[in-house]
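Student: Please take a close look at the interior of this model, and then place the rest of the backbone around it. I would like one connected account.

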Amino acid sequence: PLPTFYDRNYEENIGLNTSNVPPPFTGTWEEYMISQDPNVEQVVNNFVSAVNNVTSGATALTDLTNLVNQYAPLLLNTARTSVQTNFSNPDDRPLYWARIKMEVALKSHPFLLQSAVQTNNLIKLFEEKSRGYTTVDFSGAPLGSKKILITGFDPFQLNPVIYEIEGISRSNPSGIVSLALHGLTITDGANTGFIQGVIFPVRYR
């Protein structure tokens, strides 16, 4: 029989932990981390609501694809803007946890529960666009400048059972650097560099 609900995988389940979430917040670690950036949180809420409003009719795949094309790059660009305007306390964790919650919403949609192939295709598209894989663009680089590609990575070793409670609150400085420097032109004497950044996953199981 076809599944009637989506059962979160290992990586996605970690965020449902509620132990030692910093007070006064009440909820899961996933929700707490996303709430640390209200702009990212708004993108997540709008996406989840939009996905839930898509009916399982003939246009379901087109509607869901359009939402991914709209919201996945919006999520990444929102996180980049947040980090670039908050150098005193930059954070890559809202982006990481937001991506998980948004992908779970996709995988849970009744239409996608009926097709592993369509689910995999949409998740691949979401990953590409929310990580910057397919939007690296050096066309804006000043003439004669060096083209610099920075690859950041997700937080990892998050399981609080294995790595104690500090694990689930981990950031990854490389991810922050990728968000902070993407799109910038830097100079060092006579040398100029134009930066593009992407963020790769760390699949730990």
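Tutor: Helices (H or I, at least four residues) and strands (E, at least two) are DSSP runs, numbered from the N terminus. The model is predicted, with pLDDT of at least 70 required for local features and 80 or more for side-chain atom pairs, while totals for chains, interfaces and linings use all residues. Numbering starts from 1 along each chain as its sequence is written, and side-chain values use heavy atoms, without hydrogens or water.

The interior is best entered through the largest nonpolar core, which has 43 residues (a core is a set of buried Ala, Val, Leu, Ile, Met, Phe, Trp, Tyr and Cys residues joined through side-chain atoms within 4.5 Å). Within this core, Phe 47, Leu 75, Trp 97, Met 102, Leu 106 and Phe 126 have the most contacts. Six helices each supply at least two of the core residues: α2 (29-35), α3 (38-52), α4 (60-84), α5 (93-107), α7 (116-131) and α9 (173-181). Helix α4 gives the largest share, ten residues.

Trp 97 is one of the residues with the most contacts inside the core. Leaving aside residues up to four places away in sequence, Trp 97 touches Ile 14, Gly 15, Glu 30, Met 33, Ile 34, Leu 158 and Ile 168 (contact means heavy atoms within 4.5 Å).

Arg 99 is in helix α5. The arginine counts as buried because its relative accessible area is 2% (buried is under 20%, exposed over 50% and partly exposed in between, with a 1.4 Å probe and protein chains only). With residues up to four places away again left out, Arg 99 touches Leu 75, Phe 126, Glu 127, Ser 130, Arg 131 and Asp 154. Of these, Leu 75 and Phe 126 are also among the core residues with the most contacts.

Helix α9, another contributor to the core, has Gly 175, Ile 176, Ser 178, Leu 179 and Ala 180 buried. The buried residues of α9 pack against two helices, α4 and α5, and two strands, β1 and β3. After α9 comes Gly 183, with a positive phi near 85°.

Strand β3 (residues 191-200) runs antiparallel to β2 (residues 185-188), and four bridges join the two (strands pair if DSSP finds at least two bridges between them). In this pairing Thr 187 stands opposite Thr 192 in β3. The two strands form a hairpin with two residues between them, and Gly 189 in its turn has a positive phi of about 65°.

Other backbone features lie in loops. Between α1 (10-13) and α2, the loop holds Pro 24, and a cis peptide bond with omega of about 5° joins Pro 23 to Pro 24. Asn 20 is in the loop between α1 and α2. Asn 20 is not a glycine, yet its phi is positive, about 60°. It counts as exposed because its relative accessibility is 59%.

Gln 157, in the loop between β1 (146-153) and α8, also has a positive phi, near 55°, without being a glycine. At 32% relative accessibility, Gln 157 is classed as partly exposed. Helix α8 (residues 160-163) contains Tyr 163, which at 31% is likewise partly exposed.
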